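Let's take a walk through this structure together, beginning at the ligand and moving outward to the sheets. Keep the 3D view open as you read.

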Amino acid sequence: MTPTALVVGASIAGISSAYWLHRAGYSVTVVERAPALRDGGYKVDVRGAALEVISRMGLLDEVRALRTDVRSGTVVDATGRRVASMDGDTFGGRTHGDAELLRGDLTRLLHRHTADDVEYRFGEALTALPEGYDLIVGADGLHSATRALAFGPEADYVHDLGYRIAIATVPNHLGLDREEVTYVGPGRTTLVYSTAGDATAKAMFLYEGDERDLRAAYADQGWEVPRLLDGVDRADDVYSDALCQVKMDGWHRGPVVLVGDAAWCASPASGQGTSLALVGAYVLGAELAAGHGPEAYERRMRPFVERNQALGPANIKRMVLHSPGQVRTSMRMLAVMDRLPFKEWMLGKVMQPLHRAANAIELPAR
Ligand SMILES: Cc1cc2nc3c(=O)[nH]c(=O)nc-3n(C[C@H](O)[C@H](O)[C@H](O)COP(=O)(O)OP(=O)(O)OC[C@H]3O[C@@H](n4cnc5c(N)ncnc54)[C@H](O)[C@@H]3O)c2cc1C
């Protein structure tokens, strides 16, 4: 008899789990709480082992075609004066063909790739664990209901890093063309970028503390922040959450197995949430197809997850600087670095731990 799987959540982890479980011989149903595919969010990176997974899905060319093509990253001060610039890939920590694309573009691509083989039920939230499935995959993100139902309350597993993130589509009033601009104020970092062929821009706010009201959190900020906040007020795709990590001793219990942020959220500061979700879905499908249990998936994923999770707290301290003194020192160092002929090489060195972590897994055979 054909085994059945219920996947909870139609985002990166859920859709790619559905793909690999279908390939492993399961009849797959996906339930998603939202009424339609959620395609908001900033740009995300597909790095290291995740690129190989995308290739095994036969999607490498399409992922490359969707690349944001952001060509430069510039850091500015409160008056908008340029402090330093780098090429886009160095700025984003990408090497060896790593691809950056809009989260929404990737979600839509994965969904299209599975729509004929998987039953999607939008507007349906998991509120209790159903009977009758051989496997229930909780891919419902940081605030996973599947995790709460099978393993216990969120507070036991979710660790707040002490920062918040907000992301929205805003008017491109700066006239940016495939470039990203970052302004760093004490405890408050603001980024905005545009991609080729898109008349709008995306703004991201990363800040210390737990203030949910963005205007209150950014009340005294310089640069273009007030106009960006006006844009956020009018946006219909605001994504906002605390920066958290999920830490669990085990990811499966009975028929339930967790994948993606539900299991191991590394936080957006790790830069690896999407790649971890893609790799996790693949490893789960491949181990089950090979006749192994979910413990084989856990064994293979755990060291990879832990290594990538470690990037989150380290990166956020570099991205959000606590005091005015730290901001001044950091801006001075960046300005010096900007004048060095080998600045791209230096930044490449800083990014090496990210690259090594992104490749720190041996993928099982298909
Ligand atoms: C709208 C949105 C924007 C994002 N933007 C960024 C970003 O800009 N940068 C970044 O680093 N990360 C972003 N993330 C997080 C990023 O997608 C994940 O870190 C990574 O891709 C792993 O995703 P995931 O599939 O495990 O979880 P998620 O992407 O969080 O997806 C979980 C899915 O489960 C659904 N869901 C939740 N509860 C239920 C339920 N009870 N029943 C059914 N469905 C449920 C949600 O609606 C969602 O579609 C965003 C997530 C979302 C949902």
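**Around the ligand**

A good place to begin is E32, where a polar side-chain atom lies 2.6 Å from an oxygen atom of the ligand. Please keep in mind that you are looking at a predicted model. Next along the chain, R33 contributes through its backbone: one of its N or O atoms lies 3.0 Å from a nitrogen atom of the ligand. I12 also uses its backbone, with a polar atom 3.3 Å from a ligand oxygen. On its own the ligand has 920 Å² of accessible area, and the protein covers 92% of it.

Which elements give two or more residues to the shell around the ligand? They are helix 1 (12-23), strand 2 (27-32) and helix 10 (273-289). Helix 10 gives the most, with three residues. In total there are 28 residues around the ligand, and those that come nearest are S11, A13, E32, Y42 and D261. Sorted by character, the shell holds 13 nonpolar, eight polar and seven charged residues.

How does this fit with the database record? An unreviewed UniProt entry carries the annotation "domain: FAD-binding" for residues 5-88 and 248-301. The second of these spans, residues 248-301, is 54% helix and 9% strand, and its end C-alpha atoms lie 13 Å apart.

**Two open sheets**

Now turn to the strands. Strands of a sheet pair through backbone hydrogen bonds, in either a parallel or an antiparallel sense.

One open sheet has six strands, in the order 7-2-1-8-15-14, with mixed pairing. At its edges are strand 7 (119-122) and strand 14 (252-253), each of which pairs on one side only. Strand 2, which you met at the ligand, belongs to this sheet. Further along, strand 8 (residues 135-138) and strand 15 (residues 256-258) run parallel and are joined by three bridges. To find this pair in the viewer, look for V137, which stands opposite V257 in strand 15.

The other open sheet has seven strands, ordered 5-4-10-11-12-9-13, and its pairing is also mixed. Strand 5 (82-87) and strand 13 (239-246) stand at the edges with a single partner strand each, so one side of each is left without a neighbour in the sheet. On average, neighbouring strands here are turned by 20° against each other, direction ignored. Inside this sheet, strand 9 (residues 158-171) pairs with strand 12 (residues 200-208) in the antiparallel sense over nine bridges. A handy landmark is I167, which stands opposite M204 in strand 12.

Notes. Residues are numbered from 1 along each chain as its sequence is written. This is a predicted model: local features need pLDDT of at least 70, side-chain atom pairs count only at pLDDT 80 or more; totals for chains, interfaces and linings use all residues. Side-chain values use heavy atoms; hydrogens and water are left out. A residue is near a molecule or strand if one of its heavy atoms lies within 4 Å of it. A polar contact is a pair of N or O atoms within 3.5 Å; within protein, one must be able to donate a hydrogen and the other to accept it, and residues adjacent in sequence count only if both atoms are side-chain atoms. Accessible areas come from the Shrake-Rupley method with a 1.4 Å probe; for residues, only the protein chains shown count as cover. Helices (H or I, at least four residues) and strands (E, at least two) are DSSP runs, numbered from the N terminus. Ala, Val, Leu, Ile, Met, Phe, Trp, Tyr, Cys and Pro count as nonpolar, Asp, Glu, Lys and Arg as charged, and the others, Gly among them, as polar. UniProt positions are given in the numbering used here, feature names are shortened, and annotations may be inferred rather than shown by experiment. Two strands pair if DSSP finds at least two bridges between them. Axes are lines fitted to C-alpha atoms, for helices over the stretch in contact, and angles run from 0 to 180 degrees between N-to-C directions.
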